[in-house]
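Open your viewer and get your selection tool ready. We will walk from the ligand outwards, one selection at a time.

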Amino acid sequence: MTIKISGTGSALPEKILTNKDLEQMVETSDAWISERTGIKERHIAEEDSVASLSAEACRRALSDAGKTAEEVDLILLATCSPEMLLPCSACQVQSAIGAKNAVAFDINAACSGFLFALQTAHAYIVSGMYRNALIIGAEVLSKIVDWEDRGTCVLFGDGAGAVFVEASEDDHTGIQSMTAGSDGSRGGVLYCRERAVDYKDAFENEGIHICMNGGEVYKFAVRQVPDCIEKALTKIDLTPGDIDLFVLHQANLRIIEAIAKRLHVGMEHFPYNVDRVGNTSSAAIPLLLDELNKSGKIQKGQLLVLSGFGAGLTYGACVVRW
Ligand code: UT7
């Protein structure tokens with residue numbers, strides 16, 4: 001038995017912050033950001049929260065799947081930037097959409113969070129404990145970014161993506177293989193100790209916003225992601241050449257190009273939206289998946305690899321037949 005994705009949805013805040021806007025805020029340039037990352041613009045939440053963006057993404061995923069909120073058994077929300085410690089964002093979403101029969105909780109594995117949540121839902125549904133789940137990746141990273149640090153503030157964006165998953169009657173449709181891993185000994189290369197209560201405090205305390213050794217994360221990603229993709233594919237006797245679309249974590253276009261090169265697969269199999277949304281951490285994969293699904297770029301029967309990496313350090317991959 002396995003699970004399949006029956007619906008997708010997403011939500012982005014209205015406000016767009018371009019590289020040109022950033023030139024007015026820190027010592028940077030559109031040329032530097034574009035060449036080093038591929039990012040042109042990102043969405044920034046003003047009124048929106050992780051919970052409100054997630055609720056909208058879930059409504060759209062449910063509508064795409066033809067399901068009602070009351071039919072949902074489980075809500076798993078992956079985030080590392082919730083507005084509140086308690087209650088968890090998943091419970092706020094449950095209340096907002098009226099999924100009164102669901103069990104709801106959050107998962108934090110940073111940028112790998114959506115993948116880990118998908119794998120958790122797979123385990124729950126295959127065990128028979130629940131029949132279906134809403135899996136969400138959502139971030140409002142703009143509230144934990146240091147807007148005076150040009151090394152990080154140009155990278156991140158806000159948004160939410162969601163999928164509705166359910167037991168698949170046909171083992172050949174849905175998740176075919178999974179891998180995941182963590183290396184806590186390297187947690188110091190990307191961290192945020194706490195978030196500012198009054199955001200102005202963020203500039204006075206090191207560690208109260210996102211701190212990153214970008215070079216180390218870059219090296220980790222270009223080695224670890226192809227590795228875990230190869231492992232997930234080998235488990236089911238496939239090779240990278242068999243895959244139609246690689247839906248990767250959208251951190252940096254150069255990282256995606258380096259991964260494509262290592263896998264010996266052309267960039268036409270690596271769709272991206274990092275140019276328009278920046279790095280949205282756990283929201284990146286479901287945001288892109290929704291964009292591809294709604295624009296008809298994924299055909300039934302196609303093979304997809306979903307794969308990501310992030311703080312922790314964490315990484316994972318899923319092979320999915322659509
Ligand atoms: O979701 C996972 C989270 N993180 C990531 O995936 C990040 C992975 N890492 C990266 O994407 C890249 O390492 C970065 C985009 C963060 C940085 O690119 P890089 O090519 O590794 O640049 P660098 O850090 O080596 O910096 C090169 C230069 C430095 O100046 P000097 O020392 O050569 O004079 C930086 O100070 O670029 C400077 N720099 C900037 N210049 C203009 C750093 N940020 C900026 C900026 N604008 N925004």
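The tour below begins at the ligand, moves to the two sheets and ends at some backbone details.

**Before you click**

This is a predicted model, in which local features need pLDDT of at least 70 and side-chain atom pairs count only at pLDDT 80 or more, while totals for chains, interfaces and linings use all residues. Residues are numbered from 1 along each chain as its sequence is written, and side-chain values use heavy atoms, with hydrogens and water left out.

**Stop 1: the ligand**

Select the ligand and show its surroundings (a residue is near it if one of its heavy atoms lies within 4 Å). You should find 23 residues around the ligand, and the closest are T28, R36, H249, N252 and N279. By class, this shell holds 11 nonpolar, eight polar and four charged residues. Here Ala, Val, Leu, Ile, Met, Phe, Trp, Tyr, Cys and Pro count as nonpolar, Asp, Glu, Lys and Arg as charged, and the others, Gly among them, as polar.

Next, look at polar contacts (pairs of N or O atoms within 3.5 Å). Pick N279: one of its polar side-chain atoms is 2.8 Å from a ligand oxygen atom. R254 also uses a polar side-chain atom, 3.3 Å from an oxygen atom of the ligand. At R150, look at the backbone instead: an N or O atom there lies 2.9 Å from a nitrogen atom of the ligand. On its own the ligand has 950 Å² of accessible area, and the protein covers 69% of that (Shrake-Rupley method, 1.4 Å probe).

Which elements give two or more residues to the shell around the ligand? They are α2 (30-37), α6 (150-153), α7 (214-234) and α8 (253-263). Helices (H or I, at least four residues) and strands (E, at least two) are DSSP runs, numbered from the N terminus. Highlight α7, which gives the most, with four residues.

Now colour domain 1 (2-168) and domain 2 (174-321): both give residues to the shell, so the ligand lies between them. These bounds come from an automatic or database domain assignment.

**Stop 2: the five-stranded sheet**

Select the open sheet with the order β1-β7-β6-β4-β5, whose pairing is mixed (two strands pair if DSSP finds at least two bridges between them). At its edges stand β1 (2-11) and β5 (103-107), each with a single partner strand, so one side of each has no neighbour in the sheet. Inspect β6 (residues 132-139) and β7 (residues 159-168), which run antiparallel and are joined by eight bridges. For a single example, select I136, whose bridge partner in β7 is A162.

**Stop 3: the four-stranded sheet**

The other stop is an open sheet of four strands, in the order β8-β13-β12-β11 and again with mixed pairing. β8 (174-182) and β11 (245-248) are the edge strands, each pairing on one side only. β11 pairs with β12 (residues 303-310) in the parallel sense over four bridges. Zoom in on F246 to find its bridge partner in β12, V305.

**Stop 4: backbone details**

Most residues other than glycine have a negative phi, and most peptide bonds are trans. Select L86 and P87, joined by a cis peptide bond with omega of about -10°; P87 is in the loop between β4 (74-78) and α4 (89-97). Another cis peptide bond joins G312 and L313, also with omega of about -10°, and L313 is in the loop between β12 and β13 (314-321). Finish at A110, which is not a glycine but has a positive phi of about 50°; look for A110 in the loop between β5 and α5 (113-126).

Terms used. Polar contact = N/O pair within 3.5 Å; in protein donor to acceptor, adjacent residues only side chain to side chain.
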